[in-house]
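Reader: I want to learn how to read packing and pairing in a model. Where do we start?

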Amino acid sequence: MDAARLKAEQPALYRLLERGFREDSLPQAILLYSSPRCAFRDLVHFIAQSLTCASGSFACGTCPQCHRFLDGHRPDYVEIDGGDGNITKDQIAALRDFFAQSAVQNGIKHRAYAIIDCQSMNDRAANALLKFLEEPTPGITAILTAPALESVIPTIISRCETIRINPRSRQEIYDSIADAVGQDAAYFLSDYSGDEQRLLDTAELDDFKLAGELAAEFIRSLDRGLEPASFALLEAARRGLGKPRCYNFFYGDVSRFLSDALAQDGLFGPFAPQIERFGREQPDLAARMELSLRESQSKAKANLSFAGVLARLAKLLIG
Ligand SMILES: [Zn+2]
């Protein structure tokens, strides 16, 4: 990322920062949002690097501060990543302590912290952050991200400059990772995140791999008819998918396919023939299966029986 690319790809964010640097009026808190398909981590790092750059403007890439930042030595920056689970009050408390205890270093005008996927804060964490935001310290900028604005509590939104980020297209995400992770996985991941590293890390998870393998078997079994497809779902249930994270991936993968069949989207990937045919020949069935899956997902996780959900889908297939 550099200033020219930011200007071209995210003009609203560019304008906000450009004015902030020019008029020395950087916002106390910025909230980036819109879709999971944004490269939030790249953007957040570029903003943080710019805030701590000696140039006093967008990251120059050549000053000692930029070099340190790019080397991963970031004494003026703290990052909390909610991408892997709940953000706790203790993490926010540690953030406050960090800024209370560390002094501004020579030549540094700004310090920054980021909370990626800030919708993952539990209530106590959100309240702690709110208190921190309500007592602004000059020279500290918060950078928050969330896939959707509705997922963030209004009191936090009201403390932030909100900037809608332009997401990457699914095909662009697919093209960028297909060589590294394989076509099936790249298709399943194409709506998951816009952050390349996160996609590559997810593709390495055993839960993701097994879910993807079983989902791909189900989709390809549709070529042989509805009955084999029904068996493929029962087989997926039989093979366990024991862990919640695994069946959540599986639900996501199958939902992805069903919505694509209904919208005739996602035709860039390896399942284009099945998407095209299932959507054309069985639109009502695809809609019923998608609804059933969505209803199961919205139920309390404790009551969720993976085998039960799949049995219901399998039954829909054979009518
Ligand atoms: Zn610099």
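Author: With contacts. Two residues are in contact if their C-beta atoms, placed from the backbone, lie within 7 Å. Keep in mind that this model is predicted.

Reader: Which residues of α13 meet α14?

Author: Phe-257, Asp-260, Ala-261 and Leu-262 in α13 do. Their partners in α14 are Ile-275, Phe-278 and Gly-279. By type, the contact holds five nonpolar residues, one polar and one charged.

Reader: At what angle do α13 and α14 pack?

Author: About 60 degrees, with the axes 7 Å apart. Here α13 spans residues 244-263 and α14 spans residues 272-281. The crossing of α13 past α14 is right-handed.

Reader: Now the strands. How do strands of a sheet pair?

Author: Through backbone hydrogen bonds, either parallel or antiparallel. In this model, five strands form an open sheet with parallel pairing. Read across, the order is β2-β3-β4-β1-β5.

Reader: Which are the edge strands?

Author: β2 (77-81) and β5 (161-164), each of which pairs on one side only. On average, neighbouring strands of this sheet are turned by 15 degrees against each other, direction ignored.

Reader: How many bridges join β1 to β5?

Author: Four, and the two strands run parallel. β1 covers residues 29-33. As one point of register, Leu-31 stands opposite Thr-162 in β5.

Reader: Which strands does helix α5 touch?

Author: α5 (residues 89-101) packs on the sheet and touches β2, β3 (111-116) and β4 (140-146). The direction of α5 makes about 175 degrees with that of β2.

Note on methods
Residues are numbered from 1 along each chain as its sequence is written. This is a predicted model: local features need pLDDT of at least 70, side-chain atom pairs count only at pLDDT 80 or more; totals for chains, interfaces and linings use all residues. Axes are lines fitted to C-alpha atoms, for helices over the stretch in contact, and angles run from 0 to 180 degrees between N-to-C directions. A crossing is left-handed if the near helix is turned anticlockwise from the far one by less than a right angle, and right-handed if clockwise. Ala, Val, Leu, Ile, Met, Phe, Trp, Tyr, Cys and Pro count as nonpolar, Asp, Glu, Lys and Arg as charged, and the others, Gly among them, as polar. Two strands pair if DSSP finds at least two bridges between them.
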